[in-house]
Amino acid sequence: MKFPKNLNLLLSGIIVIIAGLVYGGHPTYIMPEVLNFKVEALELKNMLRAVMGIYLGIGTYWLLGAFKPKLWSGATLSNVLFMGGISLGRIVSTLFDGVSTLFTPALILELLFFVWGLYNLNKYRD
């Protein structure tokens, strides 16, 4: 495994899988503790577990891309789109809703992974 080329996928895959487990692993317990809101409605539980599934799936794809050269390009492109999209959403929220002390570090990391992925796509073109 080439670490400079694959480290972006490896780290972001692990982080996103952990985030997915936080969002959906036990939302009625974790969300009040971490984000200070109750999860009582069935639909909210379902939505959070669906987000968990998305995060687990995409994180797994990134991990596979880190170890399987045939998947690297697609995994890196999806990583760039994910990190760019989630960063854009957080920037919009910051502008309209205010600065979140909890999620500003996440925004910074997501922007770093976005730029790192773009760099890797340009440096390691097929």
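Let's start with a word you'll need all the way through: a residue is buried when its relative accessible area is under 20%, exposed when that is over 50%, and partly exposed in between (1.4 Å probe, protein chains only). By that rule Leu95 is exposed, with a relative accessible area of 68%.

The model above is predicted, so local features need pLDDT of at least 70 and side-chain atom pairs count only at pLDDT 80 or more, while totals for chains, interfaces and linings use all residues. Residues are numbered from 1 along each chain as its sequence is written, and side-chain values use heavy atoms, leaving out hydrogens and water.

**Exercise 1. The overall layout**

Task: Describe the elements of the protein and the box that its C-alpha atoms fill.

Solution:
- Step 1. Go through the elements: you'll find five helices and zero strands. Helices (H or I, at least four residues) and strands (E, at least two) are DSSP runs, numbered from the N terminus.
- Step 2. Read them in order from the N terminus, and you get α-α-α-α-α.
- Step 3. Now the box: taken along the principal axes, the C-alpha atoms fill roughly 50 × 30 × 20 Å.
- Step 4. Check how much is hidden: of the 126 residues, 33% are buried.
- Step 5. Look at contacts, meaning heavy atoms within 4.5 Å. Among those with a separation of 6 or more, 68% join residues 24 or more positions apart.

**Exercise 2. Two sides of a helix**

Task: Work out which residues of α2 are buried and how they sit around its axis.

Solution:
- Step 1. Find helix α2, residues 27–34, where Pro27, Ile30 and Met31 are buried.
- Step 2. These three are on the same side of α2, because they cover an arc of only 95° around the axis. The arc is that of the directions from the helix axis to the C-beta atoms.
- Step 3. Recall the general rule: an α-helix has 3.6 residues a turn, so residues three or four places apart point the same way.
- Step 4. Turn to the face pointing away from the buried side, and you meet the exposed residues Tyr29 and Glu33.
- Step 5. Go on past the end of α2 to Asn36, in the loop between α2 and α3. Asn36 has a positive phi of about 60° although it is not a glycine, and at 69% relative accessibility it counts as exposed.

**Exercise 3. The nonpolar core**

Task: Find which members of the largest nonpolar core touch the most other members, and which helix gives the most to this core.

Solution:
- Step 1. Pin down the term: a nonpolar core is a set of buried Ala, Val, Leu, Ile, Met, Phe, Trp, Tyr and Cys residues joined through side-chain atoms within 4.5 Å.
- Step 2. The largest one has 19 residues, and Leu9, Val16, Tyr55, Trp62, Phe82 and Met83 touch the most other members.
- Step 3. Sort by element: α1, α3 (42–67), α4 and α5 (104–123) each give two or more residues to this core, and α4 gives the most, with six.
- Step 4. Zoom in on Tyr55. Leaving aside neighbours within four places in sequence, Tyr55 is in contact with Val16, Ile17, Ala19, Gly20, Tyr23, Phe82 and Ile86.

**Exercise 4. Buried residues of α4**

Task: Say whether Asn79 and Ser87 are buried or exposed, and list what they touch.

Solution:
- Step 1. Place Ser87 in helix α4, residues 69–97; Asn79 is in α4 too.
- Step 2. Asn79 counts as buried, at 0% relative accessibility, and Ser87 is buried with a relative accessible area of 1%.
- Step 3. Not counting residues up to four places away in sequence, Asn79 touches Asn8, Leu9, Ser12, Trp62 and Phe113.
- Step 4. With the same neighbours left aside, Ser87 is in contact with Leu107, Glu110 and Leu111.

**Exercise 5. A patch on the surface**

Task: Name the residues of the nonpolar surface patch and the helix with the largest share.

Solution:
- Step 1. The patch is made by Leu88, Ile91, Val92, Leu95, Phe96 and Leu111, and covers about 610 Å². Patch residues have over 30% relative accessible area and no salt bridge; like charges are joined within 9 Å, nonpolar side chains (Val, Leu, Ile, Met, Phe, Trp, Tyr) within 5 Å. A salt bridge is a side-chain nitrogen of Lys or Arg within 4 Å of a carboxyl oxygen of Asp or Glu. Areas come from the Shrake-Rupley method with a 1.4 Å probe; for residues, only the protein chains shown count as cover.
- Step 2. Helix α4 supplies the largest share, five residues, and Leu95 lies in that helix.
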